[in-house]
Amino acid sequence: MAEFSLEFAERMSEASESILESQKIDSDRAAIYSALVACEIAIKSALESAGVSNIPKTHDLGKLMQLLTSCTVVIDSRRVPASRFRGLVVDSNYANATVGHLLQGEKYGASVFPNQIRYGDLLAHFPVALILKLSKKVVSWVKDNGSSIEA
């Protein structure tokens with residue numbers, strides 16, 4: 001039985017939108033947190049599908065992405081590097097709003113996931129709407145490619 005559920009990741013992504021719409025105190029913080037949890041679970045689900053043994057018990061999205069992008073997937077009937085995942089554009093209205101850039105946000109001054117997002121005194125992050133789009137993009141990519149991914 002799978003440990004990481006893509007369906008759960010999708011629900012977390014949807015929940016992040018609902019949280020933001022609630023406009024409660026700290027809704028931005030909670031929406032970013034749940035969207036990034038969705039990304040983490042989706043990536044771990046993909047790694048599990050790829051047959052990666054010993055998926056790290058880490059929340060480091062950059063490290064998880066590194067593992068994922070070392071795999072291959074079938075696109076247009078050809079096996080290609082999954083490293084293409086990094087370059088997926090999340091929102092063309094922003095410079096460098098790619099999956100790779102956003103998942104490594106800490107390198108660019110964003111609050112560290114999960115602790116600084118949940119408990120930090122000051123939330124420094126990309127716009128919440130962009131992170132919500134990121135979670136949808138990550139979940140969608142895993143849905144589309146999860147069955148063909150190989151380590």
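Q: How far apart should the ends of helix H6 be, at 1.5 Å a residue?

A: A helix here is a DSSP run of H or I with at least four residues, numbered from the N terminus, and the expected span is 1.5 Å times one less than its number of residues. The 18 residues of H6 should therefore span 26 Å, and its end C-alpha atoms are indeed 26 Å apart. This is a predicted model, where local features need pLDDT of at least 70, side-chain atom pairs count only at pLDDT 80 or more, and totals for chains, interfaces and linings use all residues. Numbering starts from 1 along each chain as its sequence is written, and side-chain values use heavy atoms, without hydrogens and water.

Q: Which residues of H6 are buried?

A: Buried means under 20% relative accessible area with a 1.4 Å probe, protein chains only. In H6, they are Val128, Leu130, Ile131, Leu132, Leu134, Ser135, Val138, Val139, Trp141, Val142 and Asn145. They pack against H1, H2, H3, H4 and strand S1 (72–75; a DSSP run of E, at least two residues).

Q: Which residues have the most contacts inside the largest nonpolar core?

A: Such a core joins buried Ala, Val, Leu, Ile, Met, Phe, Trp, Tyr and Cys through side-chain atoms within 4.5 Å. Here the largest has 45 residues, and Phe85, Leu103 and Leu134 have the most contacts inside it. H1 (6–22), H2 (27–49), H3 (61–69), H4 (99–103) and H6 (128–145) each supply at least two of its residues, with H2 giving the most, 12.

Q: What does Phe85 touch, leaving aside its neighbours within four places in sequence?

A: Contact means heavy atoms within 4.5 Å. Phe85 contacts Ile43, Met65, Leu68, Thr69, Val99, Leu103, Val138 and Trp141, with those neighbours left aside.

Conventions:
Buried < 20%, exposed > 50% of the residue type's maximum accessible area, 1.4 Å probe, protein only.
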